[in-house]
Amino acid sequence: MRELQAVIGEEARQQMIDIAGGLPDVAFACVGGGSNAIGLFYPLLGDDIELIGVEAGGTGNGLGQNAATLATGTPGVLQGSYTIILQDDDGQVQETHSISAGLDYSGVGPEHALLQATGRVKYISATDDEALEALEELCASEGILTALETSHAFAAAKEYAKEHPGKRILIGNSGRGDKDMPTLTKYPARTRSHAGA
Ligand SMILES: Cc1ncc(COP(=O)(O)O)c(C=O)c1O
């Protein structure tokens with residue numbers, strides 16, 4: 001059976017071979033509930049490709065300051081799924097914070113919890129500020145207004161690229177940023193020096 005969301009990874013995998021000259025060394029995707037990331041990762045699981053999911057680091061490490069479920073959460077049940085969730089010591093699910101509405105979620109799809117437990121996928125986080133900076137740099141350098149959610153994946157990929165020059169990097173571009181304009185107008189420009197304009 002063909003899984004619907006996996007079309008993202010199937011097409012991206014083929015495009016990398018056809019256009020970029022080979023499979024990527026590493027693939028990044030942002031993780032809220034986890035659907036775009038699992039769609040990208042699933043067809044790549046059998047390949048020798050490093051897979052990195054990027055959660056919302058928000059404004060800090062404290063409970064309620066982020067939505068970095070896999071990084072800071074504990075096992076529990078949310079909306080019928082046994083997975084990793086952000087909860088207090090009494091098992092009460094906690095509020096989250098992220099600049100991106102789509103990553104602002106206290107749970108994560110259980111398949112990601114499994115992939116973290118087996119070590120096949122690494123999960124890290126990017127903060128609100130890092131996502132904003134990556135978004136602005138992407139607009140200025142590539143003319144791509146990506147979504148604030150997706151900007152978290154770009155922020156992490158940017159750091160990776162600095163540390164691993166020459167690697168072939170695939171980033172799942174989960175959505176457009178037009179919807180984020182009301183949010184973005186509340187923040188001052190920060191990386192104009194990257195624009196070269
Ligand atoms: C553009 C975009 N990317 C990512 C997400 C995060 O969701 P998921 O992790 O399920 O792909 C959302 C959620 O609304 C979104 O709008």
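Student: What makes a residue part of the lining of the second largest pocket?
Tutor: One of its atoms must lie within 4 Å of a pocket point. Met 16, Phe 154, Ala 157, Lys 158, Ala 161, Ile 169, Leu 170 and Ile 171 meet that rule. This is a predicted model, where local features need pLDDT of at least 70, side-chain atom pairs need 80 or more, and totals for chains, interfaces and linings use all residues. Numbering starts at 1 along each chain as its sequence is written, and side-chain values use heavy atoms, without hydrogens or water.

Student: Why is it called a pocket?
Tutor: On a 1 Å grid over the protein atoms alone, a pocket is an open set of points, with protein on both sides within 12 Å along at least five of seven lines. The second largest one holds about 160 Å³ of space.

Student: Which elements give two or more residues to its lining?
Tutor: Helix H6 (148–163) and strand E6 (169–171) do. H6 has the largest share, four residues. Helices here are DSSP runs of at least four residues, strands of at least two.

Student: How many lining residues are nonpolar?
Tutor: Seven are nonpolar, none is polar and one is charged.

Student: What makes Ser 35 a polar contact of the ligand?
Tutor: A polar contact is a pair of N or O atoms within 3.5 Å. A polar side-chain atom of Ser 35 is 2.8 Å from a ligand oxygen, so the pair qualifies. Gly 32 qualifies through a polar backbone atom, at 2.7 Å from a ligand oxygen. Gly 33 does too, with a backbone N or O atom at 3.2 Å from a ligand oxygen.

Student: How much of the ligand does the protein cover?
Tutor: The protein covers 75% of the 390 Å² that is accessible on the ligand alone (Shrake-Rupley, 1.4 Å probe).

Student: How do you know that the radius of gyration agrees with a compact globule?
Tutor: The rule, over C-alpha atoms, is 2.2 Å times the number of residues to the power 0.38. For 197 residues that gives a value near 16 Å; the protein has 17 Å, so the two agree. The C-alpha trace spans about 50 × 45 × 30 Å along its principal axes.

Terms used. A polar contact is a pair of N or O atoms within 3.5 Å; within protein, one must be able to donate a hydrogen and the other to accept it, and residues adjacent in sequence count only if both atoms are side-chain atoms. On a 1 Å grid over the protein atoms alone, a cavity is a set of points where a 1.4 Å probe fits but cannot get out, and a pocket is an open set with protein on both sides within 12 Å along at least five of seven lines; lining residues have an atom within 4 Å of a point. Grid points are joined across faces, edges and corners, and a volume is the space filled by probe spheres set on the points. Ala, Val, Leu, Ile, Met, Phe, Trp, Tyr, Cys and Pro count as nonpolar, Asp, Glu, Lys and Arg as charged, and the others, Gly among them, as polar.
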